[in-house]
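This report describes the fold, charges and backbone of one protein chain. Please keep the sequence and the structure in view while reading.

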Amino acid sequence: MVPTRRYLLQAAGAVSLTALAGCSATSVLNREDPTEEYTLHVDAIETSPTAYALYEPDDDALFGAPARTALQAIVPEGRHTTYGYKPLPSDAYVEHDGSYFQTKHVVTGRERVERSLVGVTPVPEEDVPEDALLIDTLERPSARVLKILHSYTLTDGRTSTAELLRGDEYVLRRPVEEDSRLGTGELDGHVVTMTEDGTWAYRVHVTTERIVETAYTAVAVNVASSRRQFRDVVFGSRIDATLTADELSKDVRDHLDQTIDRGSLSETAPLPDSFVTLLKALHLGAVDTAANGKLLWYDDALYRYGLYVNETS
């Protein structure tokens, strides 16, 4: 075995855990690459895999209400079309009258619809009027949009939320956004500030246009007609690793149990054989810098796990 940064843990072909336990890390000990630290995180999830996999919309009006409307329309059979946004997460599992479904979205065309577009212009601190509105005094639908535009402006468009914008404007699409103070035009021309002392102030501009929006149609696919069948679906699609204590050697089992007890465990390259074997068992062999959000079923308990690789000085 000759581990490298990208393929340190990648097994060639199908190898049993027993065979993995016998692999030698001698070649790793002789490496002259920069030292790297591997941190494994494992957190217990206090629920069953089936319950954890089921999607339940939030109670909020911004995201939860459109999701509930869509689910009511598509489960058990039906279609629900929205323009410019998807009200549901794709591939989410939901239950209805003892049957289980998975949400799907398909593009069913485009349509020109009337939308309100929100933009902002920075205002120098000395020009901020006394009646400027503090961002935190606004209701969430309006405040969220303006914070997104603030972040976009502050980072010259390099923010992770830039994909939510059309050019440098935010398009109000969700029902609660359309009904907000931004959607009604009440805030058009007003100055809002991000802080009480008037720094990071913006003048709000709201315009109305007819723009072409993509039509997203949501449907629900029946995947199981019983809890037992659904459990197999979940294990086949969501559980990344299934292990039992009996199939692990003592040193590998100790490594995993210690990580569970502590929440995380770090090892510095060259890695102990038992840690290498554990990471292989968790299918983390191709991790270059990070992998998270993985699910482990270990001795009848559910865990979320991830691996982070960092160079140390």
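Helices (H or I, at least four residues) and strands (E, at least two) are DSSP runs, numbered from the N terminus. With that numbering, P76 is found in the loop between α4 (64-74) and β2. The model is predicted, so local features need pLDDT of at least 70 and side-chain atom pairs count only at pLDDT 80 or more, while totals for chains, interfaces and linings use all residues. Residues are numbered from 1 along each chain as its sequence is written, and side-chain values use heavy atoms, with hydrogens and water left out.

**Overall picture**

The protein chain has nine helices and 13 strands. Of its 313 residues, 42% count as buried; buried means under 20% relative accessible area, exposed over 50%, and partly exposed in between (1.4 Å probe, protein chains only). The chain exposes about 16,500 Å², of which carbon and sulfur atoms supply 45%. Accessible areas come from the Shrake-Rupley method with a 1.4 Å probe, and for residues only the protein chains shown count as cover. Contact means heavy atoms within 4.5 Å. Among contacts in the chain with a separation of 6 or more, 73% are between residues 24 or more positions apart.

**Two buried strand residues**

G306 sits in strand β13 (residues 302-311) and is buried, with a relative accessible area of 3%. Which residues does G306 touch, not counting residues up to four places away in sequence? They are T39, L40, H41, A291 and N292. The C-alpha atoms of G306 and H41 are separated by 5.2 Å, although the two residues are 265 residues apart along the chain.

S99 belongs to strand β4 and counts as buried at 18% relative accessibility. Leaving aside neighbours within four places in sequence, S99 is in contact with V94, N222, A224 and S225.

**Salt bridges**

A salt bridge is a side-chain nitrogen of Lys or Arg within 4 Å of a carboxyl oxygen of Asp or Glu. The structure holds nine salt bridges, including the three in the table.

| Pair | N to O distance |
|---|---|
| D91 and K104 | 2.5 Å |
| R115 and E178 | 3.1 Å |
| E177 and R144 | 3.2 Å |

D91 forms a salt bridge with K104. D91 lies in the loop between β2 (80-83) and β3 (93-96) and K104 in strand β4, so this pair ties together parts that are 13 residues apart in sequence. Both ends have some access: D91 is partly exposed at 33% relative accessibility, and K104 is partly exposed at 29%.

The side chains of R115 and E178 also meet in a salt bridge. Because R115 lies in strand β4 and E178 in helix α6 (residues 175-178), the pair ties together parts that are 63 residues apart in sequence. R115 is buried at 8% relative accessibility, whereas E178 is partly exposed at 34%. A network of salt bridges links R115, R173, E178 and E213.

Helix α6 takes part in another pair, E177 with R144. E177 lies in helix α6 and R144 in helix α5 (residues 140-154), so parts that are 33 residues apart in sequence are tied together. Are E177 and R144 buried or exposed? Both are buried.

**Charged surface patches**

Patches are made of residues with over 30% relative accessible area and no salt bridge; like charges are joined within 9 Å, and nonpolar side chains (Val, Leu, Ile, Met, Phe, Trp, Tyr) within 5 Å. Lys and Arg count as positive and Asp and Glu as negative, while His and the chain ends are not counted. The place of a charge is taken as NZ of Lys, CZ of Arg, CG of Asp or CD of Glu.

E125, E126, D127, E196 and D197 form a negative patch. E125 is in the loop between β4 (99-123) and β5 (133-134) and is partly exposed, with a relative accessible area of 48%. A positive patch consists of R110, R112, R166 and R210. R166 is in strand β6 (residues 165-166) and is partly exposed, with a relative accessible area of 39%.

**Backbone exceptions**

Most residues other than glycine have a negative phi, and most peptide bonds are trans. The peptide bond from V75 to P76 is cis, with omega near 5°. Another cis peptide bond joins A269 and P270, with omega about 5°; P270 is in the loop between β11 (264-268) and α9 (273-281).

D299 has a positive phi near 50°, and D300 has a positive phi of about 65°. D299 lies in the loop between β12 (290-298) and β13, as does D300. D299 is partly exposed at 41% relative accessibility, whereas D300 is exposed at 66%.
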